[in-house]
Amino acid sequence: MDYPVKEINYGKDVEKRYRTAFGTAYPYAASFPPEIPAIAIKAFTKEGDVVLEPFSGRGTTALEALLLDRKVVANDLSKVAFTYTHSRTNAPNLRDVFEKIRELETTIKENPADPKEWPVLAIMYHKDTLKEILTIRRELMYKYDAVSMFIKAMTMSILHGKKVLSIDMPRHIPLNLTSLARKIKRTGELPPYRPTIEILEKTINDKTKSGYPYPKKGIALNYDARKLGEAIEKESIDFVVTSPPYIDLMRYGEKTWIQQWFIGSSYVEYDEKTTEEIGSTSGNEEIYFKTMREICQVIYDLLKPDAYAVFIVGSSKKDEDILRIPKLFAKNMEKVGFKIDAIYARKFDSQFRRTLDKDKRDDEGIQYTDGWIVAKKGDPEKRTLEDGLIDAEDTISLEEAIV
Ligand SMILES: C[S@@+](CC[C@H](N)C(=O)[O-])C[C@H]1O[C@@H](n2cnc3c(N)ncnc32)[C@H](O)[C@@H]1O
């Protein structure tokens, strides 16, 4: 397992230059910062190339690919991730969005839902806010057009946090109802009324100020990545950049329970699947790598003969070798035919601290590092990651990239 290991040392200035309002619009645990896919896409592809993101999360890669004028296919097993990603790959005309919101406002007045349908949520939302949320939920749950998906995604982004629809809560991961009840008992605080439509409109205005990709379009899929061969043609993809699920870290279902509820999806079912079949939440390395190998095989087949894939793989174990998991991942990629160019190491800092609860990290003494596995299929004469990463001068801001 002796891969060349290199350090990634792009600076904070590069991070800042890449940040757009739409890029960070949605709360989602374990998202990578937008500059990661942006840098990789710039380094490995040219305009018009097709980028595949098999684990799209909140759609970070999808958005960056579109902003850089690449084509993109972005997939995730989670319906929450799919809704977020869809809003990026099919960003609607905002005039249509605000028109639909007017309609919803009228429906809230004329035919509101009954907040008593969901009494347990009364500790999270004021009854009038809950009435508004429930009406929007009822009206949009089975609508999959671009405008409805976008409004669903934006509403999901304000379901919890500070000064949004809920009682004050963390933004990235919602408290569960038991913790919330305990908090209320302790503080005596009750959910204040929050005007849903007003907050929704303000959020949309704020979040679409920069980086809004309309009218560029991509494709969002909601598959188990093992099945992507059913949806995508073989040898049609120019580049993959992704961060696969962490091995023992995240129940993505539970960590998005309120969003899953909003779109009528079962987070329990999702977590069962990822735990038992995928192994990504149980920490079972055998299951995890078996599944990841299957997925890598599928991705290998989808890539064009001369294409690259960059996998950003996190470590969360108390391993002496902080790159143990990325190295094992690379080993499994080799098994399906990839050639590993190098593994680049990057320490997680502020970004990760925001997305995970800090206490857990400190208690267990976990050192978070991600390894960028740069793999290729075949032996193309292409740019190397090093070109894109080390030479920050070579990078352009997204504003510059949007023509
Ligand atoms: C580390 S996150 C990716 C985050 C993403 N890079 C972002 O910036 O938002 C991993 C994602 O893999 C998804 N996932 C887990 N198992 C999957 C599977 N078998 N097929 C497709 N997606 C899966 C999870 O739902 C989660 O969104």
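So, what classes of residue make up the shell around the ligand? Ten nonpolar ones, written 10 in my notes, plus seven polar and three charged residues. Before I go on, please keep in mind that this is a predicted model.

Staying with the ligand for a moment: 20 residues surround it. The closest are Ser31, Phe55, Gly57, Thr60 and Ala225.

Hold on to Thr60, as it takes us to helix H3, which covers residues 60–67. Are the residues of H3 buried or exposed? Thr60, Thr61, Ala62, Leu63, Glu64, Ala65, Leu66 and Leu67 are buried. That is eight of the eight residues, so the helix is largely enclosed by the rest of the structure. And notice that Glu64 is in that buried list. After H3 comes Asp69, with a positive phi, near 60°.

Now have a look at strand S2, residues 50–53. Both of its faces are covered. Val50 and Leu52 are buried on one side, and Val51 and Glu53 are buried on the other. S2 pairs with strand S3, residues 71–75, in the parallel sense, and there are four bridges between them. If you want a spot to find by eye, Val51 stands opposite Val72 in S3.

Let's zoom out. The protein has 17 helices and eight strands, and of its 403 residues, 47% are buried. Take the contacts with a separation of 6 or more: 75% of them are between residues 24 or more positions apart.

On to the core. The largest nonpolar core has 105 residues, and the members touching the most others are Ile41, Phe239, Val240, Ala309, Val310 and Ile373. Strand S6, residues 303–315, gives the largest share of this core, eight residues. Where does the core sit relative to the domains? Domain 1 (5–80 + 219–401) and domain 2 (94–207) both give residues to it, so the core lies between them.

Pick Ile373 and look around it. Leaving aside neighbours within four places in sequence, its contacts include Val310, Phe311 and Val313. Pro326, Phe329, Ala330, Met333, Ile340 and Ile343 are also in contact with Ile373.

One last stop, Leu121. You'll find this residue in the loop between helix H5 (94–110) and helix H6 (127–140). Why does Leu121 count as buried? Because it has 20 C-beta neighbours inside 10 Å, and the cut-off for buried is 20 or more. Leu177 is 56 residues apart from Leu121 along the chain, yet their C-alpha atoms are separated by 8.1 Å.

That's my tour, thanks.

Definitions and conventions:
Residues numbered from 1 in each chain as written. Predicted model: local features only at pLDDT ≥ 70, side-chain atom pairs only at ≥ 80, totals over all residues. Buried ≥ 20, exposed ≤ 12 C-beta atoms within 10 Å, placed from the backbone. Helix = DSSP H or I, 4+ residues; strand = E, 2+ residues; numbered from the N terminus. Near = placed C-beta within 6 Å. Nonpolar A, V, L, I, M, F, W, Y, C, P; charged D, E, K, R; others polar. Core = buried A, V, L, I, M, F, W, Y, C linked by C-beta atoms within 7 Å. Domains from an automatic or database assignment. Contact = placed C-beta atoms within 7 Å. Pairing = 2+ DSSP bridges.
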